[in-house]
Amino acid sequence: MLHIAFSLGCSKCKERAVYHRRYSGQKFCGEHFLQYFENKVRKTIQKYKMVGRGEKIGAALSGGKDSITTLSVLNALSKKLDLEICAIAVDEGIKGYRNDTIKSARSFCAGQNIPLHIVSFKRRFGTTLDKIMRQGKNACTYCGVLRRRVLSEKARELGMDKLATGHNLDDEVQAIMMNYIRGDVERLVRLKRSLLHEKFIPRIKPLSEMPEKEVALYALLRDFSVSFAECPYSHGTFRAGIRDFINELEKNNAGIKFSILKGYQKLLPYLELKTAMHECELCGEPTSQKICKTCLLVKFI
Amino acid sequence: MRQMRKTKRVIMKIKVKLDSKKSEVEVAEGSTVDELLEKLGINRETVLVRLNKEICTEEEKLKPGDTIEIIRAVTGG
């Protein structure tokens, strides 16, 4: 009986555990989980030299668990590293989903005294993602490309040094697997090695080594008022299929997500980036093609 | 010849809240949260669980009358 009672306890203090990190065998109570999580994110930021002292960081904020956690961790670091933090939220126009997350974003920023800038597809492109979907387009393709564009433009307008996004380990591993499976080596390399251009604001991903489940638990324990609702357009996408497949593998092989990431990092030095960055012939934004993806997509909406 | 002894499996009822729907699920006595998730066809890697309002690990044992809330945490967006 004693053994059972202890096996359910935190590996550090024997309090009741709230999380079993299967890939390391450790168990954490709420307090020790929060400590572990924040330390690991800080170490990830240091390991990849994501921020420099005195930098201006714009954090892309959707109002979901990942972006609110990213913003919160960066904000906690801002005093120590003399960072200037602001949040940029994108309203793509997804009725019944984005309204709630924007509300969470507003209330979080107000509570933490973080300046919030909201940009919308409607104001920038004259349409919403709902309308684009009604034209039978692929939601994720349009949303991803247009969202990256409005975020870049706003970050540049605000004079930001870096743009932080809430991508977690699951997002990273899904992107790696998607590009492997599609045979898109160019994009596979660009996941970690951005093309350089003076107009391009470098991206940082402080949660890139935190599993999504851990981010969700952190948001829940910190009592962030976030919705766990899934984007209504994500069902049946290629990414959703890859996500389910990887989670099935992880269930029976704890740590597989980290193995995929580490394997990719080992492979990276052998991969060459063949394209260079130049300006789009139509809009002047940095792109690796003659015409950027945004201009190509906007023509059809 | 030794006779095989039939053991009676005791069933217990657990209240489950999932996607704002409430239901009652029957599991064998002594089952864990993990076994309940398995029965519901839910991958433990994608959810967080509250047992009687407290977040718990999947190894936690269930008792008759327990309330489980399953939060779909891994949604990718």
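Visitor: What makes B:Glu58 and A:Lys213 a salt bridge?

Guide: In this predicted model, the closest N and O atoms of B:Glu58 and A:Lys213 are 2.6 Å apart. The cut-off for a lysine nitrogen and a glutamate carboxyl oxygen is within 4 Å, so the pair qualifies.

Visitor: How many salt bridges are there between chain B and chain A?

Guide: Five. There are also 10 residue pairs in polar contact between chain B and chain A, counting pairs with both residues at pLDDT 80 or more.

Visitor: Which parts of chain B touch chain A?

Guide: Look at α1 (33-40), β3 (47-51), β4 (54-56) and β5 (67-72) of chain B: each gives at least two residues to the side that touches chain A. Sorted by class, that side of chain B has 10 charged, seven nonpolar and six polar residues.

Visitor: How much area do chain B and chain A bury between them?

Guide: About 2400 Å², with 51% of it on carbon and sulfur atoms. B:Glu45, B:Ile55 and B:Thr75 supply 24% of what chain B buries against chain A, more than any other three residues.

Visitor: Over in chain A, how do you know what span to expect for helix α7?

Guide: You take 1.5 Å times one less than the number of residues. Helix α7 of chain A (residues 139-157) has 19 residues, and the expected span is 27 Å. From first C-alpha to last, α7 reaches 27 Å, so it fits the expectation.

Visitor: Why is A:Leu146 in α7(A) called buried?

Guide: Buried means under 20% relative accessible area, so that is where A:Leu146 falls. Others buried in α7(A) include A:Tyr142, A:Val150 and A:Lys154.

Note on methods: Residues are numbered from 1 along each chain as its sequence is written. Chains are lettered from A and ligands numbered from 1 in the order in which they are written. This is a predicted model: local features need pLDDT of at least 70, side-chain atom pairs count only at pLDDT 80 or more; totals for chains, interfaces and linings use all residues. Side-chain values use heavy atoms; hydrogens and water are left out. Helices (H or I, at least four residues) and strands (E, at least two) are DSSP runs, numbered from the N terminus. Buried means under 20% relative accessible area, exposed over 50%, partly exposed in between (1.4 Å probe, protein chains only). Buried area is the accessible area (1.4 Å probe) that two parts lose on being put together, summed over both. A salt bridge is a side-chain nitrogen of Lys or Arg within 4 Å of a carboxyl oxygen of Asp or Glu. A polar contact is a pair of N or O atoms within 3.5 Å; within protein, one must be able to donate a hydrogen and the other to accept it, and residues adjacent in sequence count only if both atoms are side-chain atoms. Ala, Val, Leu, Ile, Met, Phe, Trp, Tyr, Cys and Pro count as nonpolar, Asp, Glu, Lys and Arg as charged, and the others, Gly among them, as polar.
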